[in-house]
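Got your viewer open? Let's take a walk through this one, stop by stop.

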Amino acid sequence: MAKQLIARVADLAEGITVKFEYVQDGVPREGFLARIGDQIVAYENVCRHLPLTLDFGDNHIFTRDRKYFACQSHGAVYDPLTGLCLHGPCAGASLKPLRVASRGDELWLEVVDTVG
Ligand code: FES
């Protein structure tokens, strides 16, 4: 299992997302973190409708009211706590969750390769 420091809790204000890059199965990928109440969530930044990032590279992932994540391409709306798509072309599918461990103020991504 690979571990990677991706952010500090102090950087993660509620209502913002923090993006990071990582490698899994030899493939460069992008993920994002968010704080929802007292929980920290992380997902791969890939919509479940088509393999596109939720944002257009501008870190615009939360809806305007900061209650949901939304894909900017075709409007899929995701529950930020579960990653479940609630509305849109991929309703019922879920974002791929990523495992994050906190050590003090540090947030560490834990990546396990699935092939090889
Ligand atoms: S690519 Fe996200 S809703 Fe179509």
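What pattern does the protein chain follow, read along the sequence? Switch to cartoon and trace from the N terminus: it runs β-β-β-β-β-β-β-β-β, with 9 strands and 0 helices. Keep in mind that this is a predicted model.

Zoom out next. The C-alpha atoms fill a box of roughly 35 × 35 × 25 Å along the principal axes. A compact globule of 116 residues would have a radius of gyration near 13 Å, and the protein chain, at 14 Å, agrees with that. Turn on the surface: about 6,500 Å² is exposed, 52% of it supplied by carbon and sulfur atoms. Buried residues account for 39% of the 116.

Now colour by charge. You'll find 12 positive and 15 negative side chains, the centres of the two sets lying 2 Å apart. The salt bridge count comes to 7, so let's visit some of them.

Select R29 and E44. Their side chains meet in a salt bridge, 3.4 Å from N to O. The pair links strand 4 (residues 39–44), home of E44, to strand 3 (residues 27–36), where R29 sits, 15 residues apart. Both E44 and R29 are buried. Add D25, which also forms a salt bridge with R29, with the closest N and O atoms 4.0 Å apart; D25 is partly exposed, at 22% relative accessible area.

Last stop: select E110 and R99, a salt bridge with its closest N and O atoms 2.9 Å apart. Here strand 9 (residues 106–111) holds E110 and strand 8 (residues 99–103) holds R99. Buried or exposed? E110 counts as buried at 13% relative accessibility, whereas R99, at 55%, counts as exposed. Before you close up, show D25, R29, E44 and K96 together: salt bridges with shared partners join them into one network.

Conventions. Residues are numbered from 1 along each chain as its sequence is written. This is a predicted model: local features need pLDDT of at least 70, side-chain atom pairs count only at pLDDT 80 or more; totals for chains, interfaces and linings use all residues. Side-chain values use heavy atoms; hydrogens and water are left out. Helices (H or I, at least four residues) and strands (E, at least two) are DSSP runs, numbered from the N terminus. The radius of gyration is taken over C-alpha atoms; the globule rule is 2.2 Å times the number of residues to the power 0.38. Buried means under 20% relative accessible area, exposed over 50%, partly exposed in between (1.4 Å probe, protein chains only). Accessible areas come from the Shrake-Rupley method with a 1.4 Å probe; for residues, only the protein chains shown count as cover. Lys and Arg count as positive and Asp and Glu as negative; His and the chain ends are not counted. The place of a charge is taken as NZ of Lys, CZ of Arg, CG of Asp or CD of Glu.
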